[in-house]
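Subject: Structure handover

Hello,

Please find the structure below, with notes on what was found in it. The notes go through the salt bridges, then one loop residue, then the strands.

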Amino acid sequence: MEDIKAYIESGILELYVLGDVTPEEKRQVEEMAAKHPAIKAELGEIERLMELYAEANAVEPAANLRERILNSIVTNYADDSTFDEQSEYPVSRVTSITPAKVYAFYKYAFAACLVLLLVSIAGLVSMYNRLQESNSQIASLQLNNQHFVGIVNLKDEELEVLQDASFKFLKLNGTPKAPQAQLTVAWSPVKKKVWINMRTLNMPANDAEHQYQLWALVGGKPVDLGVFDKTADTTDMKEMKSTALADAFAVTLEPRGGSASPTMDKMMVIGKF
């Protein structure tokens, strides 16, 4: 089926209808048309289109042309001397279009269309890539903006803590397990808020399986105030869980996620009011 389609699209059928084929090609076309109804039908369609084209482009001869030709024959003027120098109806100049020219035209037209298609595809791909790059830049700017807004809000909250007279600041000092350890806690009994100043945190960095846990000692009983990590870029203040009462604060090293009760032999710092 593909061979028949390729044969039809080769242009040989148009050349056959126009009579511009060799005897061998003529015989081959007729054999193919006899064997394949699709080729025979295509030949019929080409002939019909050629007839329509001839009728649409036919030139109507001048009304007095027949009489003048007869007069020319009678008088035996083969040089057309009996014709007026300027005819009432000028003769149309018709340029002969050979099958080769028709084939060449369509070939170059197809090549031009293909080039335009490839250029259009390349333009669309380039535009799509630029659009994707712009979307990525916008997303990055939005993320940076959200991060910046978060930092500004945190700084505002830190400043509020430092300026709020209801907050009490307590320095937690190291235990015999970690003598050099220290941490500053800000606590407001009125607002029941607890913050830790990560800038003052002086403890070894915890591993992936452990976290530091803050405790409030209320009447001798520990109250969980949340967990935190010590990392290289730990510089901000961090808000912990709320409490209205606290006699002291302490930090222990616990399994990641925290414990229900403190591990006393892992206590890092402690401070009392």
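Is arginine 27 buried, partly exposed or exposed? Arginine 27 has a relative accessibility of 38%, so this residue counts as partly exposed. Please keep in mind that the model is a predicted one.

Salt bridges

In total, 8 salt bridges are present in the structure. One of them joins arginine 27 to glutamate 31, with 2.5 Å between the closest N and O atoms. Both residues belong to helix α3, which covers residues 23–35. They sit 4 residues apart, and that is about one turn of the helix. Glutamate 31 is also partly exposed, because its relative accessibility is 36%. The pair is part of a network of salt bridges that links Glu24, Arg27 and Glu31.

A second case is the salt bridge between the side chains of aspartate 164 and lysine 191, where the N to O distance is 2.5 Å. Aspartate 164 is in the loop between α6 (99–163) and β1, while lysine 191 is in the loop between β2 and β3, so this salt bridge ties together parts that are 27 residues apart in sequence. Are these two residues buried or partly exposed? Aspartate 164 has a relative accessible area of 16%; buried means under 20%, so aspartate 164 is buried. Lysine 191 has a relative accessible area of 38% and is therefore partly exposed.

A third salt bridge is formed by lysine 241 and aspartate 224, whose closest N and O atoms are 2.7 Å apart. Here lysine 241 comes from the loop between β6 (237–239) and β7, and aspartate 224 comes from strand β5 (residues 221–228), so the pair ties together parts that are 17 residues apart in sequence. Lysine 241 is partly exposed at 42% relative accessibility. Aspartate 224 is partly exposed as well, at 27%.

A loop residue

Lysine 192 is found in the loop between β2 (182–188) and β3 (193–202). Its phi is near 60°, which is a positive value in a residue other than glycine. The relative accessible area of lysine 192 is 43%, so lysine 192 is partly exposed.

Strands

Which strands pair with β8? Strand β1 (residues 168–174) pairs with strand β8 (residues 267–272) in the antiparallel sense, over 2 bridges. Strand β7 also pairs with β8 in the antiparallel sense, over 5 bridges. Isoleucine 270 of β8 appears in both pairings: this residue is the bridge partner of asparagine 173, and alanine 250 stands opposite it.

Leucine 253 is a residue of strand β7, which runs over residues 248–255. Which residues does leucine 253 touch, once its neighbours within four places in sequence are left aside? Its contacts are then Asn206, His210, Gln211, Tyr212, Lys266 and Met268. Leucine 253 and threonine 263 are 10 residues apart along the chain, and their C-alpha atoms are separated by 7.4 Å.

For a look at the model itself, one starting point is isoleucine 270 in β8, with asparagine 173 as its bridge partner and alanine 250 opposite. Another is helix α3, where arginine 27 and glutamate 31 both lie.

Regards

How values were computed. Residues are numbered from 1 along each chain as its sequence is written. This is a predicted model: local features need pLDDT of at least 70, side-chain atom pairs count only at pLDDT 80 or more; totals for chains, interfaces and linings use all residues. Side-chain values use heavy atoms; hydrogens and water are left out. Contact means heavy atoms within 4.5 Å. Two strands pair if DSSP finds at least two bridges between them. Buried means under 20% relative accessible area, exposed over 50%, partly exposed in between (1.4 Å probe, protein chains only). A salt bridge is a side-chain nitrogen of Lys or Arg within 4 Å of a carboxyl oxygen of Asp or Glu.
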